[in-house]
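Visitor: Hi, could you pull up the model and walk me through it?
Guide: Sure, here it comes.

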Amino acid sequence: TTAPSPTSSHFTLNFTLTNLQYTADLEAPSSRKFISTTKVINHYVSLAPGLPILCYGGDLNPPTLNSGHAFKFSQLAGRNRDDTGVDAVCSYKTSDSLAKFDREKVYHELSTMTSGVTKLGHYSLERNSLFVNG
C-alpha cells in the first residue's frame, strides 16, 4: 500500500500587532524589515502544537493576497501608529487523508499558543484581532 500524499488547504490569518510601528518598508517584500518580520511571524505560527502550518514569505511561490504577496502589512486608520495589521496566506498540510482543515481548531490552537491572543514571540497582539479565514 502507498501512503496517502500530503494535502494542503490555504487560508488567511489576520491579526494586529500592537508593538510593531508601521513604516513604508513593510510594504516592500525585499526590505530587511519585511523579511525579518515575516520570518519571525512564520516561526512562531509554525510552533502551534499539532498544527502543520506554514505562512508564506520570502522566495516561495505562494498563493497571494491582493497585494501580490503572501504577507501584507497595513497601517490601521485612526489607530495608534504602533498598531500594524497583518494579513498572511498560510497553508495547513496533513498526510492524513481523513483530516480536513478545521478553521475553529486552527483558531483555538493559535489562541492558546499566543496566550489568549496577546503574545506572538516578542510581538504583542490585540486581543480580539485574530481571524482565520479559510
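Visitor: What pattern does the chain follow along the sequence?
Guide: Reading along the sequence, you get β-α-β-β-β-α-β-β-β. That makes 2 helices and 7 strands; helices (H or I, at least four residues) and strands (E, at least two) are DSSP runs, numbered from the N terminus.

Visitor: Anything to keep in mind about the model itself?
Guide: This is a predicted model: local features need pLDDT of at least 70, side-chain atom pairs count only at pLDDT 80 or more, and totals for chains, interfaces and linings use all residues. Residues are numbered from 1 along each chain as its sequence is written, and side-chain values use heavy atoms, with hydrogens and water left out.

Visitor: OK, what share of the residues is buried?
Guide: Of the 134 residues in the chain, 38% are buried. Buried means under 20% relative accessible area, exposed over 50%, and partly exposed in between (1.4 Å probe, protein chains only).

Visitor: Switching to aromatics, how many pairs are there?
Guide: The count comes to 2 aromatic pairs. Rings of Phe, Tyr and Trp (its six-membered ring) pair if their centres lie within 6.5 Å; planes under 30 degrees apart count as stacked, over 60 as edge-to-face and the rest as tilted.

Visitor: Why is the Phe34 and Phe73 pair called edge-to-face?
Guide: Because the ring centres of Phe34 and Phe73 are 5.4 Å apart and the planes sit at 90 degrees. Phe34 is in helix α1 (residues 32-45) and Phe73 in strand β3 (residues 71-75), so the pair ties together parts that are 39 residues apart in sequence.

Visitor: And are those two buried or exposed?
Guide: Phe34 is buried at 5% relative accessible area, and Phe73 is buried at 3%.

Visitor: What about Phe71 and Phe73, how are their rings arranged?
Guide: Their centres are 6.1 Å apart with the planes at 15 degrees, so that pair is stacked. Phe71 is buried too, and Phe34, Phe71 and Phe73 form one aromatic cluster.

Visitor: New topic: how many cavities of 30 Å³ or more does the structure hold?
Guide: There is 1, with a volume of about 70 Å³. A cavity here is a set of points on a 1 Å grid over the protein atoms alone where a 1.4 Å probe fits but cannot get out, and lining residues have an atom within 4 Å of a point.

Visitor: Which residues line it?
Guide: Leu13, Phe15, Val45, Leu110, Thr114, Val117, Leu120, Leu125 and Leu130. By class, that lining has 8 nonpolar, 1 polar and no charged residues; Ala, Val, Leu, Ile, Met, Phe, Trp, Tyr, Cys and Pro count as nonpolar, Asp, Glu, Lys and Arg as charged, and the others, Gly among them, as polar.

Definitions and conventions: On a 1 Å grid over the protein atoms alone, a cavity is a set of points where a 1.4 Å probe fits but cannot get out, and a pocket is an open set with protein on both sides within 12 Å along at least five of seven lines; lining residues have an atom within 4 Å of a point. Grid points are joined across faces, edges and corners, and a volume is the space filled by probe spheres set on the points.
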